[in-house]
Amino acid sequence: MEKLRKAVSEIAYTQDHTKLTHLHRSLIPVLSFASSLYRLALSLRRSFYHYGLFTKHRLPVPVISVGNLTWGGNGKTPMVEFIARFLADSGISPLILTRGYAGGDETKMLRRHLLGRPVKIGVGANRAAIAAHFFEKYGYVDPYSTSNYADGLNLGQKVGNHPSSETIGAVVLDDGMQHWSLQHNLEILMINGLTLWGNCHLIPRGPLREPLNALGRADAVVLHHADLVSEQRLTDIDSMLREVNKSVPIFFTKMDPCFFFNVGNVNSRKPITALSNSILLCVSAIGSADAFVKGMEKIGAFYVDRLEFSDHHIFQPKDIEMMRKKLRELEDAFGSKPVVIVTEKDYDRDPGIFKHLDPYEILALCSELKIIPRGERTEDSFKKLLKEI
């Protein structure tokens, strides 16, 4: 199954089919047929919502949707955390609604990062029902009946018996662009600047979850991993986006490495500079492994190797043995012990699995989303966009 996932991903991000193996090319007709079925199902679903056969729920607080048009690696979860942190620090208690994929790695990471802040996290497919449960438990602030919404919360406003630190003031919808059963007040579209739309086909032949004209629904576009893209490429992407949505504000973000922690002690801290001139093996099962590896190359490591698995992959004993084999090869080649670097998502998926790599040092990279100033599009202007709703 892992090999099939890799093959599908390679086809999705390859523009020139002549570069694919014969086996990969033989899969294209099957994937094309499946994509046609997906397009039909997508069109029917959109029509059902348009004609009212499926119900759209309106929540009593503003809903900020963070979504994408392609699978994985677009920075949705870091952006959800960025928004939730900003709202909480501004006196507004947000509720994050997430589906909770695979082992719930992203949810676990959000809980760790937002610990101590008045942020709730609801997990499950029926997000309207989950939201209703949280509103019943904690209460909510109606922004339409409050003259000064944020100030009211900061002054300790209460709804019923619910203290304002617990009362929900906004919803952040993780992976919300295709979640049409909830009405959105703000649609933020995340785009991976390294891969964009791949081969521009719908899944499974390509990475697109919707046709590109869905860009027109976005209230803001965020180009993620912009620090790893050339200036000319950024300009070209900007022009491309404006052909579809002329007035949409476009922001640029990156993942800023903060520190490492030992997988055996989540409270440990090792500075990024500590691994300059080291031999690194980057192990990941995330949507954008290229960005992870490029980030490690930028810290000044002597040599960086990689082992990649499909997004949300659950590591198995055979995977650990593959890692051990690669580590022994690196140790023989360079005469010193390499260090294994994993992402936080990989750590949170199964923290205990990496103990089987002893005696090698295993570190998890902790990174933070940063908005890169570009013209009038700055962190302040992005936060102003959030405040306006």
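**Reasoning from values to labels**

Analyst: Let's start in the loop between strand E5 (186-192) and strand E6 (220-224), where Pro-204 lies. Please keep in mind that this is a predicted model.

User: Happy to. What makes the bond between Ile-203 and Pro-204 cis?

Analyst: Omega is the value to look at: the bond joining Ile-203 and Pro-204 has an omega of about 5°, and it is cis. Most peptide bonds are trans. Another cis bond runs from Asp-358 to Pro-359, with omega near 10°. Pro-359 is placed in the loop between helix H10 (344-349) and strand E12 (362-372).

User: What is notable about the phi of Cys-200?

Analyst: Cys-200 is not a glycine, yet its phi is positive, at about 70°. Most residues other than glycine have a negative phi. Cys-200 is also found in the loop between E5 and E6. Asp-175, likewise not a glycine, has a positive phi of about 60°. Its place is the loop between strand E4 (168-174) and E5.

User: Is Asp-175 buried or exposed, and how do you know?

Analyst: Its relative accessible area is 5%. Buried means under 20%, so Asp-175 counts as buried. For Cys-200 the value is 42%. Exposed begins over 50%, and partly exposed is in between, so Cys-200 is called partly exposed.

User: And which label fits Glu-344, and why?

Analyst: Glu-344 belongs to helix H10. With a relative accessible area of 4%, set against the 20% limit, Glu-344 is therefore buried. Leaving out residues up to four places away in sequence, Glu-344 touches Met-109, Arg-112, His-113, Phe-261, Leu-365, Cys-366 and Ser-367.

User: Met-109 and His-113 come up there. Which residues of H4 are buried?

Analyst: They are Asp-105, Glu-106, Thr-107, Met-109, Leu-110 and His-113. Their cover includes H3, strand E2 (93-98), strand E3 (120-123), E4, H10 and E12.

User: How would you describe the packing of H3 and H4?

Analyst: The axes of H3 (residues 76-89) and H4 (residues 105-113) come within 11 Å and cross at roughly 30°. Angles under 35 degrees count as roughly parallel, so H3 is roughly parallel to H4. The crossing is right-handed. Thr-77, Val-80, Glu-81 and Arg-85 from H3 meet Glu-106, Met-109, Leu-110 and His-113 from H4. This set splits into 3 nonpolar, 2 polar and 3 charged residues.

User: Why is H1 called roughly perpendicular to H2?

Analyst: Helix H1 (residues 2-12) and helix H2 (residues 22-50) pack at about 80°, and their axes are 10 Å apart. The range for roughly perpendicular is 65 to 115 degrees, so that label applies to H1 and H2. On the H1 side, Leu-4, Ala-7, Val-8, Glu-10 and Ile-11 take part, meeting His-24, Leu-27, Ile-28 and Leu-31 of H2. The contact comprises 7 nonpolar residues, 1 polar and 1 charged.

User: How confident is the predictor, judging by pLDDT?

Analyst: The mean pLDDT of the protein chain is 90, and 94% of its residues reach 70 or more. Over residues 152-163, though, pLDDT stays under 50. For that stretch the model has 21 contacts beyond four places in sequence.

Key. Residues numbered from 1 in each chain as written. Predicted model: local features only at pLDDT ≥ 70, side-chain atom pairs only at ≥ 80, totals over all residues. Heavy atoms only, no water. Helix = DSSP H or I, 4+ residues; strand = E, 2+ residues; numbered from the N terminus. Buried < 20%, exposed > 50% of the residue type's maximum accessible area, 1.4 Å probe, protein only. Axes fitted to C-alpha atoms, helices over the stretch in contact; angles between N-to-C directions. Parallel < 35°, antiparallel > 145°, perpendicular 65-115°, else oblique. Left-handed = near helix turned anticlockwise from the far one by under 90°. Contact = heavy atoms within 4.5 Å. Nonpolar A, V, L, I, M, F, W, Y, C, P; charged D, E, K, R; others polar. pLDDT = per-residue confidence, 0-100.
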